Amino acid sequence: MKTVIVGGVAGGATAAARLRRLDERAEIVVLERSGYVSYANCGLPYYIGDVIKDRSKLTLQTPESFRRRFRIDVRVRHEVRSIDRVAKAVFVRNLETGEEYRESYDKLILSPGAHAVVPDYPGVDGARVFTLRTVEDTFAIRDYLDGHEARRAAVIGGGFIGLEMAENLCERGVEVHVFQRSGHVMPIIDADMAAFLHNRMRSNGIVLHLNAKILGFAEADGRTLVQTADEEPMPVDMVMLSIGVAPETGLARDAGLELGLKGAIVVDEHMLTSDPDIYAVGDAVQVKQYVSGANAVISLAGPANKQGRIAADNICGRESVFTGSQASSVMKMFDMTIAATGLNDRTLSGTGIAYDSVLLSPPNHATYYPGSEPMRLKLVFEQETGRVLGAQAVGGPGVDKRIDVLATAIRARMTVRDLQELDLAYAPPYSSAKDPVNMAGYLAANILDGLVRQVTWGELPDPLGAHVLLDVRSAGERARGSVPGTIHIPVDELRDRLEELPAPEALREAGATLFVHCQSGLRSYLAYRVLSQLGYPCANVAGGYLFYQAMKTDADARDAGVGPCGM
């Protein structure tokens, strides 16, 4: 059996190694267009930022190491130009010599990956405009920075690569401006969670241009002008285009393989294409979103590795299926971790799934143990069943741990009631007796059980009119900032000061609601339970003043050592 693999990195290299482990006699040929067959593409921005200092650390395997360990024929700088499906052969060009030749196969695996999206902007081909996708791109950017005085950079796009590049350029002392087409960066999280990321970026010197429409680039006085619809042209010393990636599927299209969403290669659960002898894996394929079951294109290394292994299994006669991706992901931005899994508000829109969510700010470990700091956690769940649909978290240590637990819960199709019962490890340096995941389950179950009615800051009437907003934080907290127009009664004094509130009957007659908030949503829930049992038409404002501060005042909430009760 001879298998030819087009493309290396995550999917192709994994498939090659798995094939060899399953079949010592197989003939395996890997054809890679770039000069590197297996490299740490997720680490590329950190070499540019001088966090990873040694170029060789970016290379995971070389053609020589593949041959020594696996007896695999790896040819870099070899580009597959076309596929002859009838003759079962690919036509290849050696990019070093210009030689062209034919390579036959019994089975073919396509792992071409994706390419950076480059819009047709005027000036986009300028010498100071870069994209980052390959090792060669990385070296070109690093060499440019090492050889030029780059005082200001524009990053176009606020996804993974864009923000990682923004951070690393900032760490090199460059003034960084991030231009984002939508209202918030990092589309894997929702706007309410992204507000905390925005403010942390700003506090570290990054300038955000949200809802920015790029018109193009121009050269002037040895610099590049970034031209937008709403601002004056900005001179910069370099531009990073990080608008996104698109499946690299020209080869598959020309071969007549079935294509789907965004032009990605359609595959079945075995990673088999519309040709019975051709498999496809990685960023170029259409998969199922695990939670919704909808078609999706998910460009992440984890799913690509799994798909490469599954394709190899099936070629070797082992029944193996890919059940879908839930797009679990994590990234670092200075001292903040941003992580998500499953569906969010944007990806749930149009699915027909009725859902709700809870916002909480639990500490990463016991507050009496030194060094605790809150994280912001959002849990999304199905209204009818309580099934966990997605989760997002931003904060410091412990964010990745909680998202991994919730990713596992999604894979196991658990409900929010199951989260309450999870028996998670506890010691004061690591967690609390009620872990943040447990707390998210409790909050969500309270909503399902009708024990609390909640609204978000975005759902509050503006202006309030006859409605009333009650702040139940302490006097010290209120002195540090408050929402205009609120009544202030600390929760511990609430029962004794009810006369300061409109009577329940008066609120009902006016069709008004008493909205209650605290710092994080915990004490306001306690106040809600008191007020609701006394007949007040009321609702708890999810997330509390912390979310108001981040979303409405653009303030970077630094509350290390402060518990969700405000102490």
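**Questions about two helices, a few loops and the whole chain**

Student: Which residues in helix α1 are buried?

Tutor: Happy to start there, with the reminder that this is a predicted model. A residue is called buried when its relative accessible area is under 20%. In α1, that applies to Val9, Ala10, Gly11, Gly12, Ala13, Thr14, Ala15, Ala16, Ala17, Arg18, Leu19 and Arg20.

Student: Why can α1 be described as largely enclosed by the rest of the structure?

Tutor: Look at what its buried residues pack against: the strands are β1 (2-6), β2 (27-32), β3 (38-39) and β9 (107-110), and the helices are α3 (63-70) and α8 (301-315). The helix is largely enclosed because its buried residues number 12 of the 14.

Student: What distance does α1 reach from its first C-alpha to its last?

Tutor: This helix covers residues 9-22, which is 14 residues. At 1.5 Å a residue, 20 Å is expected, and the distance in the model is close to that, at 20 Å.

Student: How far apart in space are Asp73 and Ala16, C-alpha to C-alpha?

Tutor: Asp73 sits in strand β5, while Ala16 is one of the buried residues of α1. Beyond its neighbours within four places in sequence, Asp73 is in contact with Ile28, Val29, Val30 and Arg67. Asp73 and Ala16 are 57 residues apart in sequence, yet their C-alpha atoms are separated by 9.7 Å.

Student: Is Arg71 buried or exposed?

Tutor: Arg71 belongs to the loop between α3 and β5 (73-76). Its phi is positive, about 55°, although Arg71 is not a glycine. Exposed means over 50% relative accessible area. Arg71 has 54% relative accessibility, so it counts as exposed.

Student: Which loop holds Lys88?

Tutor: Lys88, also not a glycine, has a positive phi of about 55°. With 24% relative accessibility, Lys88 counts as partly exposed. Its loop is the one between β6 (78-84) and β7 (89-94).

Student: What is the omega of the peptide bond from Asp462 to Pro463?

Tutor: Most peptide bonds are trans. Pro463 lies in the loop between β29 and β30 (468-471). The bond leading into Pro463 from Asp462 is cis, with omega near 5°.

Student: What are the elements that cover the buried residues of α12?

Tutor: Helix α12 runs over residues 436-448, and the 18 Å between its end C-alpha atoms agrees with the span its 13 residues should have. Its buried residues are Pro436, Val437, Asn438, Ala440, Gly441, Ala444, Ala445, Asn446 and Ile447. Their cover includes β26 (355-360), β27 (376-382), α10 (399-411), α11 (416-421), β29 (454-455) and α15 (522-533).

Student: What is the radius of gyration of the protein chain?

Tutor: The secondary structure of the chain comes to 16 helices and 33 strands. For its 567 residues the globule rule gives 24 Å, and the model is close to that, so the chain is as compact as a globular protein of that length, with a radius of gyration of 27 Å.

Student: What percentage of the residues of the protein chain count as buried?

Tutor: Among contacts with a separation of 6 or more, 65% are between residues 24 or more positions apart. The chain exposes about 24,200 Å², of which carbon and sulfur atoms supply 49%. As for the 567 residues, the share that count as buried is 55%.

Student: How far apart are the centres of the positive and negative side chains?

Tutor: The chain has 60 positive side chains and 71 negative ones. Between the centres of these two sets, the distance is 4 Å.

Key
Residues numbered from 1 in each chain as written. Predicted model: local features only at pLDDT ≥ 70, side-chain atom pairs only at ≥ 80, totals over all residues. Heavy atoms only, no water. Helix = DSSP H or I, 4+ residues; strand = E, 2+ residues; numbered from the N terminus. Rg over C-alpha atoms; globule rule 2.2 N^0.38 Å. Buried < 20%, exposed > 50% of the residue type's maximum accessible area, 1.4 Å probe, protein only. Contact = heavy atoms within 4.5 Å. Areas by Shrake-Rupley, 256 points an atom, 1.4 Å probe, with all protein chains shown as cover. Lys, Arg positive; Asp, Glu negative; His and termini not counted. Charge placed at Lys NZ, Arg CZ, Asp CG, Glu CD. Expected span 1.5 Å × (residues − 1).
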